Amino acid sequence: MKSRKLLSMLLCCLLLLASITGCAGGTSGAAAPSAGAAAAPEVKTYNVGVSIYKYDDNFMTLYRNEIAAYFKTLETDTVKYNVNIQDGKGDMAEQTNQVDTFLAQGVDVLIINLVQSSSEATITEKAKAANVPVVYINREPMEENAMDYDKACYVGADARQSGTYQGEIIANLPTKGDVDGDGTVRYVMIMGDPENVDAQYRTEYSIKALTDSGIAVEELFKQRGDWDQAKGQELAASALSQFGNSIDVIFCNNDGMALGAAQAISSAGRTVGKDIYLVGVDALDECVEMVKAGTMTGTVLNDHIGQSHTAVDAAVKYLNGGTNDKRIMVDYQKVTA
Ligand code: BGC
């Protein structure tokens with residue numbers, strides 16, 4: 001009798017235990033896992049808000065695609081990134097709204113390619129008030145006390161280096177850029193958006209590299225093409241019709257505009273490498289092919305892969321509670337035949 005009572009008590013205990021473990025391991029709504037099955041690992045999803053100054057930009061298109069692709073490679077079974085990329089459409093008011101919306105949605109980190117680098121303080125203030133880290137890319141905030149927030153940093157490249165490399169590509173030619181041999185390098189400068197320090201520094205440092213190596217220069221034409229291929233073509237065509245054969249070199253602050261200038265050069269019946277030189281910056285695939293073929297004198301690699309990965313790594317570091325240097329720079333590289 002006693003042993004039967006003991007047995008039934010034991011059975012009761014076992015049943016109770018089974019129901020308790022079943023409950024604790026259950027996922028809401030789903031059938032309880034069988035005894036011994038591991039609970040599904042908890043997945044942490046980070047929300048990332050990205051705004052690009054405008055989608056219609058050759059270089060920033062490569063850059064933003066790489067941001068998305070690289071975040072994917074960092075995902076694990078337990079960490080996911082929900083990356084929301086928006087087009088700033090070249091409109092600072094639009095971009096400010098995008099940042100407001102991201103913050104209202106509770107994003108965990110921002111990656112911002114400013115439409116206007118002078119608006120950085122406004123964006124930083126918003127991010128700081130919401131305690132959301134922000135990584136600026138491509139358009140360097142240059143104001144005094146820029147990025148006044150311990151969770152704000154800039155990832156980019158020193159545009160002075162790219163300008164210097166453009167000048168050196170020309171200075172290192174056997175003719176030192178003086179294609180008609182008249183003793184002076186006469187040039188055309190097609191600039192990006194001058195609000196962007198990349199445009200200012202490339203314009204200044206490309207010519208400084210020539211004068212620093214003792215080359216006499218004359219500026220024939222300088223206008224802004226806002227990084228745009230069609231504008232690059234228009235401006236180069238207009239410079240070629242005004243100054244004809246006296247032009248030795250066309251400097252473009254980026255490859256997009258150099259692609260346009262190359263079309264204008266061939267329409268004007270001129271030949272790169274023979275009676276004119278052409279340099280850009282970015283090393284877009286098409287331009288690297290042109291450099292190999294001799295239809296462009298040279299370009300400078302603006303490393304969108306290195307920059308996008310560095311920017312994403314900085315964002316992830318913030319997400320994991322780490323800190324970043326204020327300015328993180330990725331090197332440019334000369335590209336010649
Ligand atoms: C690139 C340009 C691009 C610009 C956008 C520059 O660093 O060289 O191609 O249009 O960034 O801000």
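Two strands are taken to pair if DSSP finds at least two bridges between them. In this predicted model, that criterion underlies an open sheet of six strands with parallel pairing, in which V50 stands opposite I111 in strand 3. The structure also holds 15 salt bridges, among them one between K126 and D100. The points below treat the sheet, the helix packed on it and selected charged pairs.

**The sheet**

- The six strands follow the order 2-1-3-4-5-11 and pair in the parallel sense.
- The edges are formed by strand 2 (79-87) and strand 11 (327-329), each of which pairs on one side only.
- From one strand to the next, the twist averages 20°.
- Strand 1 (residues 44-52) is joined to strand 3 (residues 109-112) by four bridges in the parallel sense.
- Residue V50 has I111, in strand 3, as its opposite number.

**Helix 4 against the sheet**

- Helix 4 packs on the sheet and touches strand 3, strand 4 (134-137) and strand 5 (152-156).
- The direction of helix 4 makes about 160° with that of strand 4.

**A salt bridge between helices 3 and 4**

- K126 and D100 form a salt bridge in which the closest N and O atoms are 2.9 Å apart.
- K126 belongs to helix 4 (residues 120-129) and D100 to helix 3 (residues 92-105), so this pair ties together parts that are 26 residues apart in sequence.
- K126 is partly exposed, at a relative accessible area of 26%, and D100 is likewise partly exposed, at 31%.

**The R186 and D182 pair**

- A salt bridge connects the side chains of R186 and D182, with an N to O distance of 2.7 Å.
- R186 has a relative accessible area of 18% and is buried, because the cut-off for a buried residue is under 20%.
- D182, by contrast, is partly exposed, with a relative accessibility of 38%.

**A network of charged residues**

- The side chains of R224 and D226 meet in a salt bridge at 2.9 Å, N to O.
- R224 is partly exposed, with a relative accessible area of 46%, whereas D226 is buried at 18%.
- R224 and D226 also belong to a wider set: D193, R224, D226 and K231 are linked in a network of salt bridges.

Note on methods
Residues numbered from 1 in each chain as written. Predicted model: local features only at pLDDT ≥ 70, side-chain atom pairs only at ≥ 80, totals over all residues. Heavy atoms only, no water. Salt bridge = Lys/Arg side-chain N within 4 Å of Asp/Glu carboxyl O. Helix = DSSP H or I, 4+ residues; strand = E, 2+ residues; numbered from the N terminus. Buried < 20%, exposed > 50% of the residue type's maximum accessible area, 1.4 Å probe, protein only. Axes fitted to C-alpha atoms, helices over the stretch in contact; angles between N-to-C directions. Contact = heavy atoms within 4.5 Å.
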